[in-house]
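Q: Please pick one part of this structure and look at it closely, then work outward to the other parts worth a look. I would like the cut-offs behind each term as you go.

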Amino acid sequence: MNNKAKRMSAAGLLIAIGIVYGDIGTSPLYVMKSIVEGNGGIGNVNRDFIIGSISLVLWTVTLLTTLQTVIIALKATNHGEGGIFALYTLVRKRAKWLVLPALIGGAAILADGTLTPAVTVTTAIEGLKGLNFGGNVPVSTQNMVIAITVVILLVLFSIQKMGTSIIGKAFGPIMFLWFTFLGVMGVMNMAGDWSILQAINPIYAIRLLVSPYNKAGLFILGSIFLATTGAEALYSDVGHVGKSNIIGSWPFVFVCLSLNYFGQGVWILNNPTYRPADGGVLNPFFEMIPANIRLFAIILATIAAVIASQALITGSFTLVAEASGLKFLPRMNINYPSNEKGQIYIPSINKGICVATIAIVLYFQTSAHMEAAYGLSITISMLMTTILLYEWLVMKKVNTVWNWIFLIFFGVLDIMFMISSLTKFTHGGYVSLFIAGAIGFVMYVWYYGNKVRDKREARNAYVRLDEYTDMLTNLSHDENYPTYATNLVYMANVKYNKFIKREILYSILDKRPKRAKAYWFVTVNVTNEPFTAEYAVNTYGTKNVINIQLYLGFKKQTSVNVYIRQIVHDLIADGTIEAQPQEYTPGRDVGDFAFVIVQDVISPQTQLVGYEKWLVEARVRLQNLSSNPASWFGLEYADTIIERIPLILGRPNPSYIKRIKPKDYSNAKTK
């Protein structure tokens, strides 16, 4: 969105509710269920336990979501974009080691993006299990729950290509209804015991942590933390809706969530001996809803669960795009479904999250098991975000005392939640850590592999293009070589309008020189506007060597093939380059094209050893496994060559061989 569109408005607030709060908005589906089960079931809780638990929930959301995220973190945006990578971009110049919390936190958030859809949708569908409709029980087994969940997830991931603008407009009214429903159900149940409002007093939260009625002790925070999962997604999605719309809509969301937790608490206190009819796990959220509207509640909860997944998915797209820009991940195809740069769709990431999410559903089978894996990775990301936010506050020259209060207070909170969540490790938390570790490994290899390459690459890796124009012009007219293509186009990053990687010229001049009528060196610069289509030309005084700087809007960046052909027409028409008459193609005044994209392979002459060699080799493998580079520029249907050039790193040791006289075998005995 542009700045004007992101100002607070009724439409903006509605879209924000539709996109941003899905994850935290579905927490009432499982938070109280997890707390009660963690204490041994409804028969093992009393009034002090319930009031203390709700107090912990309210103050956790107040501190971690309202104070740290909405009030503080949303101020730390980079050109309107939020999230841990945007935050790292703001502070990275302060210290090199800050890349580590960025990598760890980013990997943890992306891992959470696979768990949120699984746990929220499964929990909602489990509400249908055992319900009687006209004497029939349509969903009678957990296998049926799993089947319905998988179908819903497949539909969810298939609509991502539509973009968050369309989805947000559709989901906004539904989520507004959802939060209103949460609040109304909460108030209806609170009417039975208004004293539940005592939970607003934080003293009850503190008492519960040391209360003998709390069998989990400090580790109850592992379940409490589930109430605030979604704060990181809220921060990451700020680029989609704007900070003013998030700040304006959060109070409504927070009040509705709080009322629902109060209502669940009252229901639990009023039903101390209740047991589910099907003998399954008790869920206070569904049980407190009147039977005549429970089906409506389940349908609404299911839709809200889908939207919860949407918040994490859109946030993941944003994080991956930022990670690619920071060279934490390989470059990927990014689509822009709308005219707003913040709203993106990454097909490969969408497929990856879809596969991982469905695998998690099939592996864990029940929401209770998924909850054990849920939240652990996010506690890690929150700690990393706290570290980076501290550096941002220092950079902004906030009073040193306040900076240290922020770091110590939120750092201790994050560490407490992380330690309490580690108890989930053997019960499923290892899955989230495994996913986060795999993502973090890829980021580490790509980032530090590039660092080693840049450090070890020869100083003369870049050469001046204008110093090779005579050689290229002579080759262009040298009839001793066959014509490789009329227009030979290299997708190359020409720095400062003259410096180009030596490997590009190696591709043209070494071994079998590639003769062409015109040599094109094209740099694509993506602008912040959607439909920019401009170019600048530098021929260095020749008619055969052309440096093109394309300035394309983010929705135009994959149209290189189309624009290059127009540019050739323009430059021939004004005499900038030589004409390209076609003898056998009537009516056509432009020759053929060959597009070349250069990729690296490790040369046997590379002198790296041990860890550095492994790191660079792993980075090159990742590069070759990533998406087809031709698709980045819209060259899938053009004559495109992906050319691999040997990469020599380190200073090669000179090798010499000694010449000797031929050996005389004339007196040798024959057998």
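**From one side chain outward**

A: Isoleucine 405 is found in helix H19, residues 400-421 (helices are DSSP runs of H or I, at least four residues, and strands runs of E, at least two, numbered from the N terminus). This is a predicted model, with local features needing pLDDT of at least 70 and side-chain atom pairs 80 or more, while totals for chains, interfaces and linings use all residues. Residues are numbered from 1 along each chain as its sequence is written, and side-chain values use heavy atoms, leaving out hydrogens and water.

With a relative accessible area of 43%, isoleucine 405 is partly exposed (buried is under 20%, exposed over 50%, partly exposed in between, 1.4 Å probe, protein chains only). Isoleucine 405 shares a nonpolar surface patch of about 490 Å² with Val398, Val401, Trp402 and Phe409 (members have over 30% relative accessible area and no salt bridge; like charges join within 9 Å, nonpolar side chains within 5 Å; areas are Shrake-Rupley, 1.4 Å probe).

From H19 we can move to helix H18, which holds isoleucine 387. Isoleucine 387 counts as partly exposed, at 23% relative accessibility. In sequence, isoleucine 387 and alanine 102 are 285 residues apart, yet in space their C-alpha atoms are 9.4 Å apart.

H18 also takes part in a salt bridge (a side-chain nitrogen of Lys or Arg within 4 Å of a carboxyl oxygen of Asp or Glu). Here arginine 94 meets glutamate 391, with 2.8 Å from N to O. Arginine 94 sits in the loop between helix H5 (84-91) and helix H6 (99-126) and glutamate 391 in H18 (residues 376-395), so this pair ties together parts that are 297 residues apart in sequence. The two partners differ in cover: arginine 94 is partly exposed, with a relative accessible area of 41%, whereas glutamate 391 is buried, at 10%.

The structure holds six salt bridges. Another of these joins arginine 47 to aspartate 193, whose closest N and O atoms are 2.9 Å apart. This pair, too, links distant parts of the chain: arginine 47 belongs to helix H4 and aspartate 193 to the loop between helix H8 (164-190) and helix H9 (202-209), 146 residues apart. Arginine 47 is partly exposed, at 31% relative accessibility, while aspartate 193 is buried, with a relative accessible area of 16%.

Further along the chain, the side chains of arginine 464 and glutamate 467 form a salt bridge with an N to O distance of 3.8 Å. Glutamate 467 is exposed, with a relative accessible area of 57%, and arginine 464 is partly exposed, at 28%. Asp466 joins Arg464 and Glu467 in a network of salt bridges.

Back at H4, residues 47-72, the helix has 26 residues and reaches 35 Å from first C-alpha to last, close to the 38 Å expected at 1.5 Å a residue (1.5 Å times one less than the number of residues). Of those 26 residues, 19 are buried, which leaves H4 mostly covered. H4 has a kink of about 30 degrees centred on threonine 66 (the angle between axes fitted to the seven residues ending there and the seven starting there).

Helix H13, residues 243-270, makes a good companion to look at. H13 has 28 residues and reaches 41 Å from its first C-alpha to its last, close to the 40 Å expected. Its kink of about 35 degrees lies at tryptophan 250, shortly before proline 251.
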